[in-house]
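Grab a pencil and your favourite viewer. Here are a few exercises to work through, each with a solution you can check yourself against.

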Amino acid sequence: MAAHLCYGRVNLNILREAARKDLREFLDKCAGSKAIVWDEYLTGPFGLIAQYSLLKEHEVEKMFTLKAGRLPPADVKNIIFFVRPRLELMDIIAENVMSEDKMQSPREFNILFVPRRSMLCEQRLKEQGVLGSFTNIDEYILDLIPYDGDLLSMECESAFRECYLENDQTSLYHTAKGLMTIQALYGTIPQIFGKGECARHVANMMLRMKREFAGSQTQILPVFDTLLLLDRNVDLLTPLATQLTYEGLIDEIYGITNGYVKLPPEKFAQKKQGEGGKDLPTEPKKLQLNSAEELYAEIRDKNFNAVGAALSKKAKIISAAFEERHNAKTVGEIKQFVSQLPHMQAARSSLANHTSIAELIKDITTSETFFDNLTVEQEFMTGVDTDKVNTYIEDCIAQKDPLIKILRLVCMQSVCNNGLKQKVLDYYKREILQTYGYEYILTLNNLEKTGLLKPQTTTRNNYPTIRKTLKLWMEDANEQNPNDISYVYSGYAPLSVRLTQVLARPGWRSIEEVLKMLPGPHFEERQPLPTGLHKKRQQGENRTTLVFFLGGVTYAEIAALRFLSQMEEGGTEYIIATTKLINGTSWIKSLMDKPEVNI
């Protein structure tokens with residue numbers, strides 16, 4: 001089922017299996033038939049751990065979404081609430097429990113907090129008078145969820161906001177706990193590097209937990225050589241830029257949630273001859289996206305401009321494979337062809353899907369709007385006219401373009417200019433508030449607090465030095481056959497990934513000055529390994545580094561890290577972990593104080 005999690009250098013299926021085991025144990029605590037009432041946000045992450053078949057094996061007969069009012073009828077012995085520890089959800093649960101018909105056969109209520117139990121929530125249930133109704137109150141520690149063979153996410157949607165806006169370090173504690181789970185399953189990570197305040201906190205918590213558990217750790221030969229902890233605010237620029245890889249653009253345009261994307265259905269309709277276009281489907285086409293699908297694994301990290309050629313090459317291969325049937329003469333040859341048929345048909349269906357997706361994306365990337373937006377982004381990245389009001393942004397505001405598009409561009413200009421001159425900043429703020437409404441003053445405040453949009457406090461702009469030293473802009477980025485990570489943004493090399501690349505070779509000491517210009521401390525820690533657990537490296541064997549992005553990572557950064565893993569002379573393979581998979585839109589939305597408005 002999760003074979004794609006085992007193929008990589010590190011078998012992430014071990015982590016998934018550990019999570020499934022804990023879930024089975026909890027379900028078995030609640031003897032008899034069960035109905036699960038889901039906090040809707042959790043259904044996606046849980047889907048990556050356990051399918052319905054596993055729940056069914058443990059007597060789960062019904063599943064409902066957590067809603068106010070009465071629970072739907074279910075003839076079961078146990079009702080289990082799967083919820084995040086949020087006070088507003090406790091009020092809904094209390095209402096559900098109180099509206100139960102006491103005359104019916106008595107049911108047992110159970111609650112499972114994900115990822116941690118909360119005393120505040122239990123207190124709220126007590127105030128509502130329902131705490132005594134629960135037979136089991138437990139926690140299900142779902143910290144890091146395996147998304148793919150080299151990708152883990154905590155799916156903590158508000159981690160960046162909590163850390164940089166609300167000064168709440170809960171997600172950092174969960175990160176440290178998640179890293180302890182990783183070390184329990186894959187061995188102690190001998191070297192820890194980090195950059196940023198949050199990275200320092202996580203490292204300190206990990207080291208403290210390690211001391212507390214001293215002696216009780218399992219003796220496992222380390223799988224990882226290095227852990228790199230990176231704060232998102234060390235590189236605020238990358239998520240603001242439009243991603244130009246195939247997977248990145250799918251996420252920018254349609255949004256990928258828990259490994260699934262919903263697409264407009266009309267491109268996927270199977271037209272039968274003579275029917276014309278009647279009865280087109282109205283439901284969005286839902287597709288799962290991961291490396292279990294051969295073609296997707298091949299094209300997802302390519303720059304979009306290289307996808308067309310890859311699809312057409314694949315089409316020729318599939319077409320030639322089907323033509324082979326004419327050459328099958330003997331029974332043995334025919335039998336062999338028939339045995340390959342399911343695989344070939346799956347490949348053909350996969351090709352049809354990705355050709356349709358590529359057409360949908362191409363309609364957008366060839367538009368004038370997309371091109372103009374990209375031109376302005378690239379001008380900012382290369383330092384062109386970043387210190388004055390941008391006429392394109394002015395025009396977009398005048399045309400009332402989506403607010404998030406405006407905010408992404410204004411923040412990008414601010415980041416590339418180390419803040420905006422006060423009069424430029426005031427002008428943008430005034431225009432935005434007059435056009436979109438004064439309720440967005442809170443959002444602008446939030447962007448300032450997180451450093452995305454700020455007044456220039458010094459005349460010195462460090463960004464050109466950082467860009468030059470780290471080679472963040474490559475004029476001649478090769479999109480078809482890349483030789484550098486800058487292909488993922490058609491010229492811009494993500495700062496976060498460049499830092500990762502330099503750490504591997506020649507090391508951070510070579511960029512000491514630049515590191516000082518970036519926010520937060522940089523550090524190195526070593527964790528002693530028990531005797532006999534030192535890894536003996538074979539000649540030519542790659543090192544394995546776990547890169548953890550605190551505050552979110554984009555698909556384009558993931559593609560750049562995969563590119564580094566595949567470089568022959570790189571010598572390092574990367575596993576990527578994050579608090580959340582983000583893009584510029586979802587990131588800015590998480591900082592807005594009016595998310596219910598359709599922006």
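The exercises below deal with a helix pair and a sheet in this predicted model.

**Exercise 1.** Work out how helices α12 and α13 are oriented relative to each other.

*Solution.*
- Start by locating the pair: α12 covers residues 307-323 and α13 covers residues 331-365.
- Next, get the geometry: the helices pack at an angle of about 155°, and their axes lie 10 Å apart.
- Now classify it: angles over 145 degrees count as roughly antiparallel, so α12 and α13 are roughly antiparallel to each other.
- Finally, add the handedness: the crossing of α12 past α13 is left-handed.

**Exercise 2.** Find which residues make the contact between α12 and α13, and sort them by class.

*Solution.*
- From α12, pick out L311, K314, A315, I318, A321 and F322.
- On the α13 side, the contact residues include F337, L341, M344, R348 and H354.
- Sorted by class, the contact comes to 11 nonpolar, three polar and two charged residues.

**Exercise 3.** Lay out the sheet: what is the strand order, and which strands sit at the edges?

*Solution.*
- Write down the order: five strands run β2-β1-β3-β4-β5 in an open sheet, with parallel pairing.
- Check the ends: β2 (60-65) and β5 (134-139) are the edge strands, each pairing on one side only.
- Add the twist, which averages 20° from one strand to the next.
- Zoom in on one pair: β1 (residues 34-38) runs parallel to β2, and five bridges join them.
- For a landmark, look for I36, which stands opposite M63 in β2.

Key
Residues are numbered from 1 along each chain as its sequence is written. This is a predicted model: local features need pLDDT of at least 70, side-chain atom pairs count only at pLDDT 80 or more; totals for chains, interfaces and linings use all residues. Side-chain values use heavy atoms; hydrogens and water are left out. Axes are lines fitted to C-alpha atoms, for helices over the stretch in contact, and angles run from 0 to 180 degrees between N-to-C directions. Helices (H or I, at least four residues) and strands (E, at least two) are DSSP runs, numbered from the N terminus. Angles under 35 degrees count as roughly parallel, over 145 as roughly antiparallel, 65 to 115 as roughly perpendicular and the rest as oblique. A crossing is left-handed if the near helix is turned anticlockwise from the far one by less than a right angle, and right-handed if clockwise. Contact means heavy atoms within 4.5 Å. Ala, Val, Leu, Ile, Met, Phe, Trp, Tyr, Cys and Pro count as nonpolar, Asp, Glu, Lys and Arg as charged, and the others, Gly among them, as polar. Two strands pair if DSSP finds at least two bridges between them.
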